[in-house]
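Let us walk through a protein model together, one question at a time. Take a look at the picture first, and then we can start.

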Amino acid sequence: MNILVTGKNGQLGSEFSGLSSMYKYHNFYFTDVESLDITNLEIVNEYSVLNKIDLIVNCAAYTAVDKAEEEKDKANEVNNIAVSNLVRVCLKYDIKLIHISTDYVFDGTKNSPYNEDDITNPIGTYGLSKSLGEDKILKSDVTAIIIRTSWLYSSFGNNFVKTIIRLSQEKNSINVVNDQFGSPTYAKDLADACMQTINQSDSWLTKPEIFHFSNEGKCSWYDFAKKILEINQMKLDIVPVSSKDYPSKTKRPKYSLLNKEKIKSKFNISIPQWDDSLRDCMKTISDKLQ
């Protein structure tokens with residue numbers, strides 16, 4: 001297949017690029033906003049025709065959760081309007097679509113892992129824009145998979161893991177919230193899962209379908225930070241604090257654990273524990289520094 005991957009410079013797009021050499025029977029087209037502006041319908045249309053695209057993996061997203069409260073239009077343009085453009089082009093040329101979404105479409109008030117059919121109720125601009133993008137797909141007849149994920153990190157880009165490592169070198173003590181729970185997701189594992197769904201795309205339904213993917217296990221941001229330091233054998237005093245005592249421009253889901261049984265069953269995907277994947281990522285980060 002000719003596979004278009006948007007958002008090539010992001011965490012997930014970068015991991016896709018790294019995995020692509022293992023799938024030489026596919027032709028990959030990696031783009032960023034400079035080479036393909038997906039907020040422009042005409043440009044997406046022309047690119048898809050020129051390169052005879054069979055499947056699009058949309059990794060492009062506006063993910064600055066706090067900043068989204070000030071840049072509502074920009075978040076909506078990338079996370080909603082651009083998705084509408086992709087849907088229109090996919091329908092026109094019979095292109096399949098994988099769209100990456102987020103746990104932030106939920107309000108975090110549930111006390112058990114969220115299922116794919118649970119009602120969405122975003123509590124911030126970022127989550128709302130992603131939810132609207134999902135709706136564009138779900139209300140269409142495009143052959144598509146929406147994969148919601150959570151707490152994404154990688155050896156590429158900026159993320160919580162790299163922030164904790166940096167702060168351990170700059171500070172003696174930091175505060176980290178201990179009352180928000182979820183599961184960290186190694187972007188490399190998510191990219192691999194996406195490739196497994198692509199290689200089984202003949203089994204996709206002809207209508208849009210939602211799946212959840214994150215690494216296995218549960219932790220708080222505080223637990224996550226402690227494990228990062230433990231694996232790296234770094235010293236930093238981490239003080240657990242409540243969300244209400246931590247300054248933030250937007251609310252975040254207090255509980256966003258995702259039920260992954262559907263994607264594991266449908267595509268026979270094995271998902272690693274979050275701390276095992278964290279160790280793998282840490283080794284990659286260490287190797288890059290040497």
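Contact, in what follows, means heavy atoms within 4.5 Å. This is a predicted model, in which local features need pLDDT of at least 70, side-chain atom pairs count only at pLDDT 80 or more, and totals for chains, interfaces and linings use all residues. Residues are numbered from 1 along each chain as its sequence is written, and side-chain values use heavy atoms, with hydrogens and water left out.

Reader: Leaving aside neighbours within four places in sequence, which residues is Asp32 in contact with?
Author: Start with the place of Asp32, the loop between strand E2 (27-30) and helix H2 (41-50). Helices (H or I, at least four residues) and strands (E, at least two) are DSSP runs, numbered from the N terminus. Beyond the neighbours within four places in sequence, the contacts of Asp32 are Lys8 and Asn9.

Reader: How far from Asp32 is the nearest side chain of opposite charge?
Author: In this scheme Lys and Arg count as positive and Asp and Glu as negative, while His and the chain ends are not counted. A salt bridge needs a side-chain nitrogen of Lys or Arg within 4 Å of a carboxyl oxygen of Asp or Glu. Asp32 is buried (buried means under 20% relative accessible area, exposed over 50%, partly exposed in between, with a 1.4 Å probe and protein chains only) and has no salt bridge. The nearest side chain of opposite charge is that of Lys8, at 4.5 Å.

Reader: Which side chain does Asp32 join in a polar contact?
Author: A polar contact is a pair of N or O atoms within 3.5 Å; within protein, one must be able to donate a hydrogen and the other to accept it, and residues adjacent in sequence count only if both atoms are side-chain atoms. For Asp32 there is such a pair at 3.1 Å, and the partner side chain belongs to Asn9.

Reader: Which residue caps the N-terminal end of H2?
Author: Look for a side-chain oxygen that lies 3.1 Å from the backbone nitrogen of Glu42. At the other side, just after H2, Lys52 takes a positive phi of about 50°. The N-terminal cap itself is Asn40.

Reader: What covers the buried residues of H2?
Author: In H2, the residues Val44, Asn45, Tyr47 and Ser48 are buried. Their cover includes strand E1 (2-6), E2 and H3.

Reader: At what angle do H2 and helix H3 pack?
Author: Axes here are lines fitted to C-alpha atoms, for helices over the stretch in contact, and angles run from 0 to 180 degrees between N-to-C directions. The axes of H2 and H3 (residues 72-93) are 9 Å apart, and the angle is about 40°.

Reader: Where in the model is Asn79, and is Asn79 buried or exposed?
Author: Asn79 sits in helix H3. Its side chain makes a polar contact of 3.0 Å with that of Ser129. Because the relative accessible area of Asn79 is 1%, the right word is buried.

Reader: How many of the residues in helix H1 are buried?
Author: Helix H1 covers residues 11-19 and is mostly covered. Among the buried ones are Gln11, Leu12, Glu15 and Leu19. The count is seven of nine.

Reader: Which residues is Lys188 in contact with, leaving aside neighbours within four places in sequence?
Author: Lys188 belongs to helix H6 (residues 187-198). With a relative accessible area of 36%, Lys188 is partly exposed. Once the neighbours within four places are set aside, its contacts are Glu15 and Leu19.

Reader: Which residue forms a salt bridge with Asp275?
Author: The closest N and O atoms of the pair are 4.0 Å apart. The two residues are four apart in helix H9 (residues 274-289), so about one helical turn separates them. The partner, partly exposed at 35% relative accessibility, is Arg279.

Reader: Which other salt bridge does Arg279 form, with Asp276, and how far apart are the closest N and O atoms?
Author: Arg279 and Asp276 both lie in H9, three residues apart, about one turn of the helix. Asp276 counts as partly exposed, at 40% relative accessibility. The closest N and O atoms are separated by 3.6 Å.

Reader: How many salt bridges does the count come to?
Author: One of the pairs is Lys244 with Asp245, at 3.7 Å. There is also a network of salt bridges that links Glu216, Lys260, Glu261 and Lys264. The count comes to 15.
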